[in-house]
Each structure stands twice: as C-alpha cells, then as structure tokens.
Amino acid sequence: MSLLAVNSGQSVILKDIDWGKKLKKKLQDMGMTPGVRINMIQKPAFGPCVVEVRGTRLALGRGIVSKIFVDLI
Amino acid sequence: MNIALAGNPNSGKTTLFNGLTGANHYVGNWAGVTVEKREGKIKYKHQFMTVVDLPGTYSLSPYSIEEIVSRNYILGDEVDVVLNIVDATNLERNLFLTMQLIELRKPMVIALNMMDEVEKLGQKIDVKELSALLGVPVIPITAKKKKGFEELLEALMHKGLVGSGVIYSSEVEKRIDQIENELNVQNKRWHAIKLLEGDTEICEKLNRHEDHIHERISVEKYDYISRLLEKTFIKQIKEKQVGYTFTDKVDKVLLNPFLGVPIFLMIMSMVFWMTFTIGGFFLNIIDVFFGEVLSVWVLKGLEALSVQDWLISLIVDGIIGGVGGVLTFVPNIAFLFIGISFLEDSGYMARVAFVMDGWMKKVGLNGKTFIPMILGFGCNVPAIMSTRTLEEEKDRILAIMINPFMSCGARLPVYALFASAFFKGSEALVVISLYFIGIVVALLAALILRKTILKGEQDPFIMELPAYRLPEPRTLLIHVWERVRGYIVKAGTVIFAASIILWVILNFNASGMTDLTSSFGASIGKGVSFIFKPLGFGTWQASLSLLTGVIAKEIVVSNMMIVYGLAETATSEMLSATLSGVFTQLNAYAFMVFVLLYTPCIAVIGVIRRETNSWKWTIFSASYQFAIAWFIAMLIYQVGSLFL
C-alpha cells in the first residue's frame, strides 16, 4: 500500500520508492531505506505530510508520499 | 594545517565554526543554509589551523552542487584532517555521513554536538565505545555553549585518525574485493564502493560500470549504524522525548492546513510591524540628528571657517544628504534582519516552506523555493545564493529570476521617503501594498516562465523539519550585525562615492559650475526622461535617480536628497512641500512600484551572473524586469489618471 493511505499516528515499514534514481537516492541518504520504520506524525487533509524516520522529522509532498510503498506492521 | 568541517544540515555546524574561529558567519536552522565556502583561522598552542566550513549535506554522493564541492574538497591534498560534526540527538541519520567520510580514508575527528540536549532527554552515549568502534577520536561538545572546545582543539592538533568504516555483508565485501583487485588507483576500496553505488562521477572517471547495488549499500550502511548504536547508545526507560514532543505539538498548529498560512502571514506582519514601528522610532532620532543637528552644525562650522560655498554644498548637500539619507534607515534594516534571522534560527523557516508548498505548486514550484523569497526581503544577494539548496537546475534558475521582485531592505528607504511625503497616515498600507505587489509579480512571473522558457517537472517537496530551538542571542546578533555592517559599509563606500559624483554632475557642466537645471546630471536625466513620460514621472530628476539607482537602490534616495536639497529638511511636512511640486500621489505610487520591480542593483546582477553562470540569463533578468516594471507602472499611472 502507499504511504498516502497511512493515518497520523500509524507506523509502517518502507518497502519501495517508485521514483527516479536521483530522488530515490536522496531519500535513502536521508534515511528512507527499505525496511526502515516510518511513523506518520501528521497527515493533514491536504498539503505535505510529516513523517518520522530514524529520529528525524521529514516533510514530504503528497506527490512523493503516494509513490512510497509500505507494509503495515 | 587545514581542517575541513563537514556535517549534516542543522547539526550546529555553523555555530561550531563561529565558536572555533570567532568569525562572523551566517547561521541558520533550515536545511542547507551554508552555501558558501567559508574559512576561518584558529590559533591553539602556537599552532595555526585553518577551518573550511563545508556546505551541510546528508551524504557525499554527487547529488547536489554542495555535495560535489564537499567531496572534491575533502579528497584534495589540501585537507589534513576532517572535522565531522554530529548531532548527538540524531545519531542514526548523522552517522550515515560519518560512515561515508570514514570511507574516504582521511584522518578524522568527530565532534559529538548537542550533548546538553542528550542529557536533558535522559539518554546516554558511550563515547569511549563509539570512538573505539569507529577508530576515530570522538569529542562530546555543546557548540552553542562552547563546551568541550579545549578537548576538541587538542584532538585536532593531533590530527585525528583514519577510521574503520562499514563492514558490509560477505557478498558485498566479495564484490568490493574483486573490483579492488582490478583497480589501479589510490584509495581502492572507496573507488570500488563508489562503482558499486553507480556513482556517475567515479564511473566516468574510471570508465567502468558495475551493476549498481546502491540501495543495498545504503541499507547495509544503516544496518551497520544500527548495530553500532545498540552498543553505544542508551535510551533510558522513562523516555522523556522533550525535544520532539514539543516540536510536534507546536507543529500541529503551525502546520495546520487551514491555520498555517494565516499564522505565517501574521508572523510576517509582526516582523514588518517591528521593522517600521520600533525601527521607525530610532529612525526619527537619527533623522533629526542628520537633518537638524549634524548638517546645521557642520554648516555653521564651515561658514565660521569661511570655507568656499561649493565645498559647503558638497559636504552638506552631497555627502551628509546622500549618505545620511541612507544611514537613517539602519534601524529599520536591523529590525528587519532580526526578524528574518529569528525565523531562520528558530527552525520556523522550514515550516514556511511547508505551508507555502500548496501556493508554490500552483505556479509550478515547490515550497522550498519560498525560503529564498523570504530571505529576499532582507537582501537579494544572499537570497539568490541560498537557491543552491534547490536540486533541479531549472527550479534554481526560476527561483533566481523571480527573487529580485522580492522587495529588499535597500528599497525600503525609497518607500519610506515617498510614503511619508505623500501618504501621511496610511504609510503602512502603502508600503505593505508594495511588498504584496512584489510577491504577486514574482509568482506570476514564475508561472509564465514555467509555462514558456523554463518548462519542466516540478521537483517533489522533501525537507527536513528541524526541532524548534530558541535562537541563541549571540548567534542572532552576529548574524544581524553582519548584514547591517554590510549596509553601513555600502553607505560609506559605494553611496559615499556615488553621492560625490552625483553632486559633481549636478553642479557642473562643460563650462564649469552651474545651477542644477543646466548641469550634466540634468542633461543625462533629460536624455532618458522620455522613457518615463508614460509612467508619470518623466522629469529629469526622477530619471536620473532611477538610472543611478541601478548602482544601489538606496541611491534613489540619496539622489532625491541632493537634487531637492532635502538634507536640511527633517520634517515630513517640509519634505512633502518640496516634493509635491513634482509628484502627485498617483505618480509617486507609480514611481515606487517602478523602483520595486525594475532592474536589480549591480550586486544582484553580479550574483545572478555567478550563480547562473550565464550572461544570457543575467541580461534576460535585468531586461525583463525593466520591461515588467515599466509596463506595470505605466498601467498604474494611465489607469489611475482616468479616475483621479
């Protein structure tokens, strides 16, 4: 399922990021590697989301959030 | 001895740099604020050390300009030791860069920053064990309190150690070994890893292409870090997540999709309110000083010394009028920068990008592009340099092209002069409307450029949200002082020189000293005034002001001061009396709009040239802005004339 389907407060495991190589790499460098735990901190009705990955808060636009695939824990 | 200072954005790198070198340096709290190479010197126990502050990066893969710059610099021969600053409250992510640095096999020292916060969180880090596992000296510090600096300098003096990097899975290690055996370069292991990561720069350099297992390498690096932390990082049971729970709570409100933008507008209004009311209070004092005290005394003094009339005129009208007219606005500029720096250092700037993402999307940019726009309210030069944090080249050029529309501090004196002369009682409204026009024009320009010559996919919005931190007063003041000093220096040099030149061309012509109307300046102004006729201010005085204003926007004010002899007229009544012969409310407003939008000053043109690395874009920027300014000011004047 996509990270966009995850609600605030839920935790998931990252499976894959379906985006170009460059951006995928950037996200990986920021800690978004397959298998990592992602906590959805804030998912507003519209606009970017806030997730917690490896102890940092990342703001992610909805476009990229919908391309991040995750598994529920 | 050369030290390269490397670390993640928001790790306190710039604070450490300032603390170590005592240099006045720009500090911020949003991801990637350090975009310039900065050097500072330290003397410790008779040893001189040079510290080079590298851009804050998350990794060393050649993904952005900053990462390439950092990597090439560290790999060069110049660097004796790499000082890696690590945010101890965020070890896992920060150590990723550390592991990459270690793979470069340069002597290293790690500064473990924000140890005070780690203690507050009730956590413990086994520093000795961490140091042993990494094979590198690890020194706990608190950069903002200058704690642990003595130990850090001692470690740096001993040049650190080459650490032991990640041990990958046996499968990956086997492939690394294989490639290593076939390579004939220095630092084989690093090159082998880079080849496996599919690092474009290295692949091209060695002309070798492997099956990329980049993802796997990243995962294994993070796994290695996790194991490292299991042995060294103790999270205490009664988990008091002070740092982020507070930030998360505040963000629930500040990042709310409905409240976010209104709150941002309120905060910005407060910044401007402070700029104008508190700054204005000091402004009046300085204004009285220049207009009623200094110029009168100097005038009397010079007359008493029976100095020649022309020299008196040069000093009082030219220098005091020209330079004083600009220096009067120092308090406003200072308060504006205090506001902007506070937003940056507190971590709020990243949130501004977040809440503006929706609006910026509508014009084809992401929220991150809004940060340089806000910095532009201060000065467009650092604002344009900060666009380096944008990854897509087209986004960057677009951000640079629209930045000068954001009204900088140097344009403030022009508005203040005209607003107080023509819009008594509604000055604030007039000035706010100008800032607003600037933003709207910037966004419209972005929209049009995006649809025409800068077509492209918009980069998705990805940004770290640092924990809120109360800005350190000292750091904030260094920050503000650096900008204000720049403004004062400009007044003392560029504007001082320009004022003298202006005075000369306004008092002389080919046959010697003359009155204003037959001077060189008048002839130059008359020569170009036809351009401004349709805009409602086709006088030679206004034309000359605008022409010279390209050197620095404040010169428009200096010019007015000299042309109309305003140096001795301190009160706004006298000011409007002098100016009202030439300007009405309508063309005064059109004039302000023109000053807001037209060709940026020389410093900005220079930085555009440097940052775009293209004369084509530079010339485009200067000319399209002139065209837009002309068109909008013309529209305001012509349409306004129909109704007024």
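Let's start at the end of a helix: right after helix 27 of chain B comes B:N613, which has a positive phi, near 55 degrees. Keep in mind that everything here comes from a predicted model.

Now look back along helix 27 itself, residues 602-612 of chain B. Which of its residues are buried? They are B:V604, B:V607, B:I608, B:E611 and B:T612. Around the helix axis they span an arc of only 115 degrees, so they sit on the same side of helix 27 of chain B. The background is simple: an α-helix has 3.6 residues a turn, so residues three or four places apart point the same way. As for what the buried residues of helix 27 of chain B pack against, the partners are helix 17 (380-385), helix 18 (393-402) and helix 28 (615-643) of chain B.

Helix 28 deserves a closer look. A packed pair of helices is described by the angle between the axes and the distance between them. For helix 27 and helix 28 of chain B, the angle is about 145 degrees and the axes are 8 Å apart. The crossing is right-handed. On the helix 27 side of chain B, the contact is made by B:I605, B:I608, B:R609 and B:T612, while helix 28 of chain B brings B:W615, B:W617, B:T618, B:S621 and B:A622. By residue type, that contact has five nonpolar, three polar and one charged. Notice that B:I608 and B:T612 turn up here and also among the buried residues of helix 27 of chain B.

On to the sheets, beginning with one inside chain B. This open sheet has six strands in the order 2-3-1-4-5-7, and its pairing is mixed. Strand 2 (38-44) and strand 7 (138-140) of chain B are the edge strands; each has a single partner strand, so one side of each has no neighbour in the sheet. On average, neighbouring strands are turned by 25 degrees against each other, direction ignored. Within the sheet, strand 4 (residues 81-87) and strand 5 (residues 108-113) of chain B run parallel and are joined by six bridges; B:V82, for example, stands opposite B:M108 of strand 5.

Helices pack on this sheet too. Helix 5 (residues 127-134) of chain B touches strand 5 and strand 7 of chain B, and its direction makes about 155 degrees with that of strand 7. Helix 1 (residues 13-21) of chain B lies across strand 1 (2-7), strand 2, strand 3 (47-53), strand 4 and strand 5 of chain B, at about 45 degrees to strand 2.

The other sheet takes us across to chain A. Which strands does it hold, and in what order? Six of them, as 5(A)-1(A)-2(A)-3(A)-4(A)-9(B), in an open sheet with antiparallel pairing. Strand 5 (68-72) of chain A and strand 9 of chain B are at the edges with a single partner strand each, so one side of each lacks a neighbour in the sheet. Here the average turn between neighbouring strands is 40 degrees, direction ignored. Strand 4 of chain A is linked to strand 9 (residues 462-464) of chain B by three bridges. Along this pairing, A:L58 stands opposite B:E464, and A:L60 has B:I462 as its bridge partner.

Finally, zoom out to the whole interface, where 30 residues of chain A are in contact with 29 residues of chain B. Helix 1 (21-29), strand 2 (37-42), strand 4 (56-60) and helix 2 (62-65) of chain A each supply at least two residues to chain A's side. Helix 1 of chain A gives the largest share, seven residues. By type, the chain A side comprises 14 nonpolar, ten polar and six charged residues.

Methods:
Residues numbered from 1 in each chain as written. Chains lettered and ligands numbered in written order. Predicted model: local features only at pLDDT ≥ 70, side-chain atom pairs only at ≥ 80, totals over all residues. Contact = placed C-beta atoms within 7 Å. Helix = DSSP H or I, 4+ residues; strand = E, 2+ residues; numbered from the N terminus. Nonpolar A, V, L, I, M, F, W, Y, C, P; charged D, E, K, R; others polar. Pairing = 2+ DSSP bridges. Axes fitted to C-alpha atoms, helices over the stretch in contact; angles between N-to-C directions. Buried ≥ 20, exposed ≤ 12 C-beta atoms within 10 Å, placed from the backbone. Arc of directions from axis to C-beta. Left-handed = near helix turned anticlockwise from the far one by under 90°.
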